[in-house]
Amino acid sequence: MDRQGNVSLRGVAVAYGPVRVFDRLDLEVAQSEFLVLLGPSGCGKSTLLNAIAGLTEIDDGEIWIGGRNVTWHEPKDRGIAMVFQSYALYPRMNVRANLSFGLRVARTPRAEIERRVRVAAEMLQIGDLLDRRPAELSGGQRQRVAIGRALVRDAGVFLFDEPLSNLDAQLRSELRVEIKRLHQRLGATMIYVTHDQIEALTLADRIAVMKDRTFQQIGTPQEIYLRPVNRFVATFVGSPAMNFVPGRIEGAGAPVFRSASLRLPVPGYKFAHAPADGAPVELGIRPEHIILAPDASDAQEVSVEMSEPMGSDLLAWTRLGDLPLSIRLPAETMLTPGDRLRILLPENRLNLFDATNGARL
Amino acid sequence: MSAAIREPRGRRPWKPTPARLGLYAFLLISALFFLMPLYVMVVTSLKGMPEIRQAHLLNLPAAPSFAAWSKAWFAACTGLSCNGIRVGFINSLRIMVPSVIVSILVGAITGYALSFWRPRGAVLLFGVLIAVAFIPYQVFIYPLVRIFSYLGINNSVPGIVVIHTIFGLPTMTLIFRNHFAALPEELFKAARVDGAGFWRIFGAIMLPMALPIIVVAVILQVTGIWNDFIFGLVFAGRENLPMTVQLNNIVNSTQGEREYNVEMAATLLTATVPLVVYFISGRWFVRGIAAGAVKG
C-alpha cells in the first residue's frame with residue numbers, strides 16, 4: 001500500500017434525504033500534516049470525517065487521498081485507518097485478533113501479520129495484553145489497542161474521531177502526548193476530530209474550526225488563538241475565555257474605542273476593513289494579555305471581585321466600571337476582594353469584532 | 001417477647017403481616033391451579049385401566065406401571081397404523097431441527113442487514129414485516145398450499161421448513177434487529193474500515209456477539225415449532241406428520257374403550273421436548289433477555 005497521504009476535499013456536499021448537512025466544503029490537508037477539526041457537538045465534524053473515511057455517502061464533490069480520486073472507493077481501499085471514540089474493539093476477539101483482523105481479511109501472509117502486530121504492540125506498549133479480551137482492559141488500554149489496530153493497517157492517513165473523549169483527564173493528557181509522538185514518528189497524515197480546544201491547540205499543525213457545518217477559520221493554532229476571524233472562534237478557543245467589552249469605534253483618522261466605562265485609543269490596530277465612524281463593535285482581549293501597570297498614566301482601574309488560584313497561575317475576576325473582566329496573574333499574587341488594580345490593555349493583543357455579525361475588523 | 005425488650009439493632013426481625021400471608025396464599029393457589037392438571041396426567045398415565053374406571057382422579061396409583069407409556073411410545077394406534085407416537089417424534093425432530101436452524105439464520109441475517117446496512121426502504125420493510133405478524137396466519141394457508149403445490153414442495157419436509165422459516169421471520173427479525181441496533185455503530189464502521197464485507201462482519205463479529213440472543217431464539221423456535229399443529233397437518237404431508245398431529249389422531253381415533261392412561265402418556269411424551277428445553281435453558285433464557293439491557 002502506498003503511504004501517500006495528502007487529503008483533498010473538493011466541493012463535498014452531504015445530505016440526509018432533503019436535509020443538507022454540508023454544502024460544497026473544500027479542504028486541503030498536506031502530506032504528514034496534523035489537522036484538527038474543532039467544533040461544538042453537532043457542527044458536522046464527525047460527519048465530515050466519516051465522509052473522508054467512506055462511511056458516509058457524499059452527494060456531491062470529490063475526495064482525493066494520496067493523489068487518487070477515492071470518492072467511490074470502499075473505506076478499506078482509501079488508504080486510511082480510523083480510531084473511534086468508543087474504541088469499537090471487537091468484543092469476542094482478544095487483542096491480537098483485534099489488531100490482526102483487518103490484515104486477515106486482506107489475506108496478508110501470516111509472517112507479515114505477526115511482524116506488524118509486534119511492531120504496533122511494541123510502539124504502544126501493549127505487548128503483554130495481546131491475549132486479553134477487550135472487556136479485561138482499562139479505558140486507556142482499550143484506546144491504545146484501537147490505535148494499534150489503526151497502526152497495523154500501515155495507512156498513509158489516520159482519522160481520529162474524538163478518540164480521547166471517553167477517558168478521564170489524566171489519561172487524556174497522557175495519550176495526547178502519545179498521539180503527538182506517534183505522529184512525529186510515523187510522519188503520516190492525521191485528521192483529528194475533537195470538541196476539546198486544548199487537544200486542538202496542543203496537537204495540531206493546523207486547526208479547522210467548524211460551526212453550523214461550515215469552516216469558520218482554518219489556520220495554525222497560533223493564528224486561531226491570537227487572531228480569531230470572528231467572535232465564535234474567539235470564544236470557542238481559549239480557556240479561561242476571552243473578555244468582551246461592547247462599545248463603539250469613533251474617529252476616522254485616529255480610531256478610538258469607546259464604551260461606558262472605557263476609552264481606549266487604537267491608532268495602531270490593523271483593521272481588516274475600516275469600520276464606519278461610530279460603528280458598534282466588541283473589543284476582545286484574553287485574560288493573560290492584560291498587563292498590570294500600577295504606575296502608567298493611561299492605565300485603567302478595576303476592582304477585584306474574586307480570585308481563582310489555578311496552581312500555575314491565578315485568575316482574577318474584576319470589574320471595569322460595571323463590565324466583568326478576568327485577568328490572568330502570576331500565582332503568587334495576593335488579592336483580596338475589593339482590591340483595586342491598574343491595568344493596561346496592549347493594543348497589539350486586542351481583537352475588534354463587528355457587533356452585528358461578529359466578524360473580525 | 002425477647003424482641004420487645006431488645007434495642008433495635010441489625011436486621012429487622014421478620015413478622016408475618018396479613019398482606020404477606022395473603023400473598024403467599026395467592027401464590028400457593030396459583031401454583032396448584034397450574035400443577036393440578038399435570039399431576040392428574042402423571043398419576044393417570046401410571047395407572048392401569050381398572051383403576052382408572054374407579055374414577056378417583058386424584059388418588060396416587062396403587063401399583064405404578066409404565067405399561068401405558070410404553071404402549072403410547074411403541075404401539076398406540078393412529079388411524080390404521082399402530083406404531084406408537086415415536087413415529088411422530090422422529091417426524092417432529094426431522095421438521096424441527098432444520099426449521100430452527102434455517103429460521104434463526106434467516107432472521108439473524110435479516111435483522112443484521114436492517115440494522116447496519118440500512119438498504120433503501122429498510123424502515124418500511126421492517127414495518128410491513130411486523131404488521132404482517134399480526135394477521136391471523138390461517139388467512140395465508142390456502143394461497144400457500146396452491147403456491148407450494150405449484151412449486152412441487154407441498155407435503156414435504158423442505159416445504160414445512162420453508163413455512164416455519166417464513167412464519168418465524170417477523171419474530172426472529174425483530175429480536176435480532178433489536179439486539180443489533182443496541183450495539184455501537186462504530187463497531188460496524190471499524191469492521192468496514194478493516195475491509196470486512198457483509199458476510200465477514202456478520203460471521204466474524206456480529207454473530208459471536210449475538211450468542212445470548214441466539215439462545216433466546218432457539219428456545220422460542222423449538223417451543224413454537226414443536227407445538228405447531230396446523231402447519232404440520234397442512235404442509236408436512238402424510239409421511240411426515242409431526243408428533244402433535246399424531247397425538248391428536250391417537251386421542252381422537254378410539255375403538256372401544258378410551259385408554260386414558262395411554263393418552264395421558266402420549267401427551268406427556270409430546271410435551272417433553274419443550275419442557276426439557278425450558279428446564280435446561282431457563283437460566284439462559286433470563287440471561288439472554290437481560291443481556292439485551294446491558295452491553296454485550
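Visitor: In what order do the 5 strands S15, S16, S17, S18 and S19 of chain A sit in their open sheet?

Guide: Before we start, keep in mind that this is a predicted model. To read a sheet, walk across it from one strand to its neighbour. Here the walk goes S15-S19-S16-S17-S18 in chain A, and the pairing is antiparallel.

Visitor: Which strands stand at the edges of that sheet?

Guide: Look for strands with a single partner. In this sheet they are S15 (291-292) and S18 (323-330) of chain A, so one side of each is left without a neighbour in the sheet.

Visitor: How many bridges join the strands in the middle, say S16(A) to S17(A)?

Guide: There are 6 bridges between S16(A) and S17(A), and the two run antiparallel. For one rung of that ladder, find A:Val304, whose bridge partner in S17(A) is A:Thr318. Now look at the turn: the S16(A) and S17(A) hairpin has 3 residues between the strands, and there A:Gly311 takes a positive phi near 90°.

Visitor: And what lies on either side of that hairpin?

Guide: Take S19 first. S16 (residues 300-309) and S19 (residues 340-344) of chain A pair over 4 bridges in the antiparallel sense, with A:Val302 of S16(A) partnered by A:Leu341 in S19(A). Towards the other edge, S17 (residues 313-320) pairs with S18(A) over 8 bridges, again antiparallel. One opposite pair to click on there is A:Arg319 and A:Pro324, the latter in S18(A).

Visitor: What is the strand order in the sheet that contains S11 and S14 of chain A?

Guide: Use the walking trick again. This open sheet has 5 strands in the order S13-S12-S11-S14-S20 in chain A, with antiparallel pairing. Its edges are S13 (262-265) and S20 (351-354) of chain A, each pairing on one side only. From one strand to the next, the twist averages 35°. For a close-up, try S12 (residues 256-259) of chain A, which pairs with S13(A) in the antiparallel sense over 4 bridges. In that pair, A:Arg258 stands opposite A:Arg263 of S13(A).

Visitor: Let's do helices. At roughly what angle do H9 and H10 of chain B cross?

Guide: For two helices, check the distance between axes and then the angle. In chain B, the axes of H9 (residues 185-193) and H10 (residues 198-209) come within 11 Å and cross at roughly 155°. Angles over 145 degrees count as roughly antiparallel, and H9(B) and H10(B) are therefore roughly antiparallel to each other. Their crossing is right-handed. On the H9(B) side, the contact is made by B:Leu187, B:Phe188, B:Ala191 and B:Arg192, while H10(B) brings B:Ile201, B:Ile205, B:Met206 and B:Met209. By class, that makes 7 nonpolar, no polar and 1 charged residues.

Visitor: What does B:Leu169 touch, leaving out residues up to four places away in sequence?

Guide: Here you compare sequence with space. B:Leu169 lies in H8 (residues 157-181) of chain B and touches B:Val106, B:Gly107, B:Thr110 and B:Leu129. Also find B:Ile130: B:Leu169 and B:Ile130 are 39 residues apart in sequence, with 9.2 Å from C-alpha to C-alpha.

Visitor: How many residues does each chain bring to the contact between B and A?

Guide: For an interface, count residues, then look at buried area. Chain B supplies 18 residues and chain A 27 residues. Between them the chains bury about 1,900 Å², with 59% of it on carbon and sulfur atoms. In chain B, the residues losing the most area to chain A are B:Glu186, B:Val193 and B:Asp194, together 35% of what that side buries.

Note on methods: Residues are numbered from 1 along each chain as its sequence is written. Chains are lettered from A and ligands numbered from 1 in the order in which they are written. This is a predicted model: local features need pLDDT of at least 70, side-chain atom pairs count only at pLDDT 80 or more; totals for chains, interfaces and linings use all residues. Side-chain values use heavy atoms; hydrogens and water are left out. Two strands pair if DSSP finds at least two bridges between them. Axes are lines fitted to C-alpha atoms, for helices over the stretch in contact, and angles run from 0 to 180 degrees between N-to-C directions. Angles under 35 degrees count as roughly parallel, over 145 as roughly antiparallel, 65 to 115 as roughly perpendicular and the rest as oblique. A crossing is left-handed if the near helix is turned anticlockwise from the far one by less than a right angle, and right-handed if clockwise. Contact means heavy atoms within 4.5 Å. Ala, Val, Leu, Ile, Met, Phe, Trp, Tyr, Cys and Pro count as nonpolar, Asp, Glu, Lys and Arg as charged, and the others, Gly among them, as polar. Buried area is the accessible area (1.4 Å probe) that two parts lose on being put together, summed over both.
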